[in-house]
Amino acid sequence: MTTRLNAGISINNPADLVAAVPPMLGFAPTNSLVLLTIHDLPDTPRFGTTMRVDLPCPGQRSQLAAHLLAGPLRTHRPDAVVMVVVGDQTNRERCAVECPGSEVCQDTVDVDGSPPHRELVDVVGDSFAFAGIATLHALWAPEIRAGADWACYSSPDCCGKIPDPKLSTIAAALTAAGVVTFGSKDELRELVAPESDEALARRSARIDALTDELDEACGPDRTSHDLKAVFSAIRRTAEGAALTEDDLLRVMIAVSDTRVRDVALGAALGESSDAAEQLWLTLVRKAPAPELADVASLLAFSAYLRGDGGLAGVALERVEKTRPEHRLGMLLRQALEAGIPPSDLSVIARDAAEDARLMIEEDGAW
């Protein structure tokens with residue numbers, strides 16, 4: 001789920017709506033159902049959020065509709081949605097595991113010449129209509145790239161070629177704001193991919209040694225030193241100063257204290273937010289387990305607050321692979337799937353940071 005920069009686009013031009021999907025999500029989706037929420041439809045329509053889910057197996061269509069209505073759509077209460085289905089057929093391997101049965105792996109191309117996944121669109125659209133949410137457009141494309149075909153589910157005459165997504169009005173506005181659109185979700189995952197196993201093992205050993213050194217040098221005043229290390233690194237990143245490997249490891253150690261980490265969440269709310277996110281992104285690639293989970297959660301939170309659900313999602317994937325029980329990671333995943341607005345999440349973060357400060361003050365370390 002993503003909340004991106006609003007930009008002018010006609011809701012009456014289906015080709016432009018399809019082309020807007022990659023910049024709105026942050027990557028070009030494959031085998032996906034994408035929803036663009038529309039608000040203030042009777043007056044001046046505006047986009048709200050962009051949601052993407054994997055194409056469901058045939059037996060899961062109704063459950064998917066119910067999940068969307070109970071989570072993101074209930075939270076945001078749009079007047080209407082634009083549905084964009086991307087892909088020719090279901091994921092056979094996934095469906096064979098998740099929905100065992102004789103029909104789950106069949107292609108979903110309808111015999112009447114309608115675009116693929118017609119039944120999915122009908123089931124989801126009917127469920128939305130029952131809940132009072134209109135489907136403004138239901139569109140299909142095998143992939144979203146310049147020159148690819150697109151079609152409407154409503155009429156065989158409603159079809160054409162997709163204009164270049166990179167040249168869309170929304171893409172231009174997002175690019176001007178410094179937002180990057182990736183060619184695929186795998187490309188986005190590469191952004192947070194770890195360095196070599198050898199480098200991670202070397203850092204893990206150095207973290208153990210550095211932790212022992214800090215315990216001996218700082219004693220009971222360790223928490224105040226941890227806070228200084230984190231915010232000094234953020235400040236120096238903002239100034240463009242280079243950080244040594246020990247500087248980076250020092251931050252990893254510091255935010256492994258949940259109180260320090262929760263205070264660090266507040267960095268996403270102030271003027272240093274860009275520098276903080278840049279630091280978390282650097283650390284995610286360099287952090288060994290278990291330190292990875294905390295820095296990846298900080299990155300996910302920062303990206304979420306900025307409206308970049310794609311980056312938040314891939315950062316949380318790394319948390320879940322390393323420490324699936326990580327509490328902050330679990331809470332952020334629930335927020336992402338429920339569609340909690342970034343503005344609401346920022347209030348939660350301020351409260352968490354304030355609680356952490358109070359705990360540190362009670363220990364006499366603030």
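Q: What makes Cys 159 count as partly exposed, as opposed to buried or exposed?
A: In this predicted model, Cys 159 has a relative accessible area of 45%; because buried means under 20% and exposed means over 50%, a value of 45% puts Cys 159 in between, and so Cys 159 is called partly exposed.

Q: Why is Cys 159 not counted as bonded to the closest cysteine sulfur?
A: The closest cysteine sulfur belongs to Cys 158 and is 7.1 Å from the sulfur of Cys 159, whereas a disulfide needs sulfur atoms within 2.5 Å, so the pair is too far for a bond.

Q: What makes the link between Cys 152 and Cys 158 a disulfide?
A: The S to S distance between Cys 152 and Cys 158 is 2.0 Å, which lies within the 2.5 Å cut-off and therefore qualifies as a disulfide. The structure holds one disulfide.

Q: Is Cys 152 buried or exposed, and what value decides this?
A: Cys 152 has a relative accessible area of 5%, and because buried means under 20%, Cys 152 is called buried.

Q: Why are strands E2 and E6 said to stand at the edges of the sheet?
A: Six strands form an open sheet in the order E2-E1-E3-E4-E5-E6, with mixed pairing. Strand E2 (46-54) and strand E6 (159-161) each have a single partner strand, so one side of each is left without a neighbour in the sheet.

Q: How do you know that strands E3 and E4 pair?
A: Strand E3 (residues 80-86) and strand E4 (residues 134-141) run parallel and are joined by seven bridges; because pairing requires at least two bridges, E3 and E4 count as paired. In one of these bridges, Ala 80 has Ala 134 of E4 as its partner.

Methods: Residues are numbered from 1 along each chain as its sequence is written. This is a predicted model: local features need pLDDT of at least 70, side-chain atom pairs count only at pLDDT 80 or more; totals for chains, interfaces and linings use all residues. Side-chain values use heavy atoms; hydrogens and water are left out. Buried means under 20% relative accessible area, exposed over 50%, partly exposed in between (1.4 Å probe, protein chains only). Helices (H or I, at least four residues) and strands (E, at least two) are DSSP runs, numbered from the N terminus.
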